[in-house]
Structure formats: structure tokens, C-alpha cells
Amino acid sequence: MMTDCPCLPKCPFFHDRMADMPAMAHKLNDKYCHADYANCARYLVFKALGPGRSPDTLFPGQTDQARRIIAAAHP
């Protein structure tokens with residue numbers, strides 16, 4: 001059993017961006033925050049670049065976009 005994502009308590013995506021979409025937030029939260037955070041695009045950026053580097057618009061499933069963000073930060 002995986003532990004919760006260490007970023008969850010301060011994740012602006014779930015605490016701010018998803019406030020108007022509770023059903024979608026719940027589904028994504030269950031999938032990424034409580035089960036498979038190592039594959040969350042936001043977590044990938046956090047792990048590679050540090051806190052505050054994930055764009056507010058980055059959804060957890062956008063791992064290709066996360067890889068582009070990481071690559072751009074490390075030319």
C-alpha cells in the first residue's frame with residue numbers, strides 16, 4: 001500500500017483549481033494522491049525541480065507535459 005503524496009497538504013491544484021469540480025477532483029485525488037502519486041505529472045515536476053515549479057494548469061495525468069517542463073529547465 002502506498003502512502004499519500006507528500007505534496008498533497010499544499011497542492012494548489014486540488015485545494016484551489018479543482019474547487020468547482022468536486023467529482024473530478026475526488027476521482028483524480030483517489031488515483032494520484034492516495035494511490036499512485038509517483039506517476040502524477042505535478043509530483044514529477046516537484047521531484048525534479050522542487051516546490052512551486054508545477055504550473056497551476058498542469059493536470060496530474062499530463063506526464064508528457066511534465067517531461068517537457070523538466071527538460072526545458074535542464075537544457
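In the predicted model, helices α3 and α4 cross in a right-handed sense. Helix α3 spans residues 41–49 and helix α4 spans residues 63–73, and the two pack with an angle of about 15° between them and their axes 8 Å apart. Angles under 35 degrees count as roughly parallel, and α3 and α4 are therefore roughly parallel to each other. On the side of α3, the residues that make the contact are Ala41, Leu44, Val45, Ala48 and Leu49, and they meet Thr63, Ala66, Ile69, Ile70 and Ala73 of α4. Sorted by class, this contact between α3 and α4 comprises 9 nonpolar residues and 1 polar residue, with no charged residues.

Burial within α3 extends to Ala41, Arg42, Tyr43, Val45 and Leu49. Of these residues, Ala41, Val45 and Leu49 are also listed in the contact with α4. Arg42 and Tyr43 are buried as well, but neither is among the residues of α3 that contact α4.

Helix α4 also contains Arg68. The relative accessible area of Arg68 is 51%, and a residue counts as exposed over 50%, so Arg68 falls in the exposed class. Between the C-alpha atoms of Arg68 and Val45 the distance is 9.7 Å, for a sequence separation of 23 residues. Val45 is buried in α3 and takes part in the contact with α4, whereas Arg68 is exposed and is not listed in that contact.

Immediately following α3, Gly50 adopts a positive phi of about 100°. Pro51 is located in the loop that connects α3 with α4. Its relative accessibility is 67%, and Pro51 is therefore classed as exposed. Pro51 and Cys11 are 40 residues apart along the chain, and their C-alpha atoms are separated by 9.7 Å.

The segment that precedes α1 (12–17) includes Cys7. With a relative accessibility of 18%, where buried means under 20%, Cys7 is counted as buried. When neighbours within four places in sequence are set aside, the contacts of Cys7 are with Tyr43 and Phe46. For Cys7 and Tyr43, the C-alpha to C-alpha distance is 7.3 Å at a separation of 36 residues in sequence. Tyr43 is itself one of the buried residues of α3, and the contact thus pairs two buried residues, Cys7 and Tyr43.

For the protein as a whole, the model has 4 helices and 0 strands, and the order of elements from the N terminus is α-α-α-α. The protein has 75 residues, 36% of which count as buried. Among contacts with a separation of 6 or more, 51% are between residues 24 or more positions apart. The pair formed by Cys7 and Tyr43, in contact and 36 residues apart in sequence, is one example of such a separation. The accessible surface of the protein amounts to about 5000 Å², and carbon and sulfur atoms account for 57% of this surface.

Terms used: Residues are numbered from 1 along each chain as its sequence is written. This is a predicted model: local features need pLDDT of at least 70, side-chain atom pairs count only at pLDDT 80 or more; totals for chains, interfaces and linings use all residues. Side-chain values use heavy atoms; hydrogens and water are left out. Buried means under 20% relative accessible area, exposed over 50%, partly exposed in between (1.4 Å probe, protein chains only). Contact means heavy atoms within 4.5 Å. Accessible areas come from the Shrake-Rupley method with a 1.4 Å probe; for residues, only the protein chains shown count as cover. Axes are lines fitted to C-alpha atoms, for helices over the stretch in contact, and angles run from 0 to 180 degrees between N-to-C directions. Angles under 35 degrees count as roughly parallel, over 145 as roughly antiparallel, 65 to 115 as roughly perpendicular and the rest as oblique. A crossing is left-handed if the near helix is turned anticlockwise from the far one by less than a right angle, and right-handed if clockwise. Ala, Val, Leu, Ile, Met, Phe, Trp, Tyr, Cys and Pro count as nonpolar, Asp, Glu, Lys and Arg as charged, and the others, Gly among them, as polar.
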